[in-house]
Amino acid sequence: MTTAPGIQDTTAASLDALAADAATGALSSERGIVYLSAGHVVHAESALTPDLGTLLTRSGALAPDGWWEAVDHAGVQHRVARRLVDSGRLSAGALELCHLGALFDAAYFVLAHGGRPRRFRAGAAHWLGTVRPVPVATVVRESARRRELLHRIWPEPDIDTAPLARVPDAGATGLPVRRSRILDQVDGVRTATEIAAALGCRTYHTLVELRRLAAGGLVVPAAPGAPPAKAGSGRPAAAQVDPDTALLRRLRDALEAL
Amino acid sequence: MPGIDESLLETMRLPGTRGASVVDWISGLALGTVGEAPGGDMEATAAETAELARFAAESSALAPAGGAGTGTDKEQPVQDVIITNTDSYHLLRFVSTDFDSTVFLHLWLDRDEGNLALARIRLADIADRLVLG
């Protein structure tokens, strides 16, 4: 299944080559998978970002039962997205907005840090089905732009990956609602990815707020071995062991193996 | 049930529309575009208008009297940003969703042919139906 011609030095170069060939299949790299159909990006996923099911169900936009019904009935035919709309659970616009949010979020991490491609599975399709294909060039350009945006806000990338802690006694009044909700999740233990999963928010958008908080002197990478800054805030690394997410991932893996 | 493209095409039916887009105000990404953009560059326009939208969305001075922090952030406290210049209008309409999205509709209207009051009402309606169907 692995086709050597699709594999270049970087994931971005591989995607460019696959787009030029109008390829269909799944390109996996160290940080996730990008699905192509006729040379366009139709889906992307990464362990660092919440998937569509998590974004929809954790926010309450879709009841978990509704999500599972669509997965059960349409997963094998690769039409889960279509099923969500046809069954009236989600409008076409809402599905497109949420799916594009998840797609560009995952693609950012797949393409960031000069990610290297591992293999291309020609013909592989995602069980979600096609929602709104995006040109490869748009995804690659957007990922680069997002990197620059983070750098402009606060040029210290360790905020993106380290456990994060609040700066004691730093005044945090008058913050915008989103930033304040994210700051509430900073407990000396969780990373940006775990905070995003806990809130059902896209990880890149969480990084933007965390870098703004870092620039404002409110958040720093936690010192190794330091105790959680907020005792009683609870469940360290809840995102990693969340049963919903774990179940969704297992199901996805099983469907992909079909 | 309208998706992004159908919603954008609907904005083109409003009198005086030059162009429209759906933009993420945190990342600056244009999720969909139709018609023309000022200066011809949709992506640059999206990134610039996103900055403006973000300031409006996060401003406590521009929030309703109850403050921006009263409700959930699913309901945007700021609804529209309206810019008028010597030859055109720009309307930004925030889109409210239950899930995590930070998007607005941007409508660019010709000043002579467009009707700002009508366009504002119609754009709000298009934004609602984009999400609710």
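In this predicted model, α8(A) crosses α9(A) in a right-handed sense. The two helices, residues 192–199 and residues 203–215 of chain A, pack at an angle of about 115°. Beyond that pair, there's a contact between chain B and chain A that buries about 2700 Å², plus a set of salt bridges that comes to 25 over all chains.

**The α8/α9 pair in chain A**

- The axes of α8(A) and α9(A) sit 9 Å apart.
- On the α8(A) side, the residues that make the contact are A:Ala192, A:Thr193, A:Ile195 and A:Ala196.
- Their partners in α9(A) are A:Thr203, A:Thr206, A:Leu207 and A:Leu210.
- Sort those residues by class and you get five nonpolar, three polar and no charged ones.

**Where chain B meets chain A**

- Each chain puts in its share: 34 residues come from chain B and 34 residues from chain A.
- Of the area buried between chain B and chain A, 57% is on carbon and sulfur atoms.
- Polar links turn up here too, with 17 residue pairs in polar contact across the interface, both residues at pLDDT 80 or more.
- On the chain B side, the elements giving two or more residues are α1 (4–12), β1 (17–24), β2 (30–35), α2 (42–58) and α3 (116–132).
- The top contributor on that side is α2(B), with four residues.
- By class, the side of chain B that touches chain A has 16 nonpolar, nine polar and nine charged residues.

**Salt bridges, between chains and within one**

- Six salt bridges are found across the interface of chain B and chain A.
- For a salt bridge between the chains, look at A:Arg141 and B:Glu43, whose side chains meet at 2.5 Å, N to O.
- For one inside chain A, try A:Glu142 and A:Arg145, with their side chains at 3.1 Å, N to O.
- Both A:Glu142 and A:Arg145 belong to helix α6 (residues 136–153) of chain A.
- A:Glu142 and A:Arg145 are three residues apart, which is about one turn of the helix.

Terms used: Residues numbered from 1 in each chain as written. Chains lettered and ligands numbered in written order. Predicted model: local features only at pLDDT ≥ 70, side-chain atom pairs only at ≥ 80, totals over all residues. Heavy atoms only, no water. Axes fitted to C-alpha atoms, helices over the stretch in contact; angles between N-to-C directions. Left-handed = near helix turned anticlockwise from the far one by under 90°. Contact = heavy atoms within 4.5 Å. Nonpolar A, V, L, I, M, F, W, Y, C, P; charged D, E, K, R; others polar. Buried area = accessible area lost by both parts, 1.4 Å probe. Salt bridge = Lys/Arg side-chain N within 4 Å of Asp/Glu carboxyl O. Polar contact = N/O pair within 3.5 Å; in protein donor to acceptor, adjacent residues only side chain to side chain.
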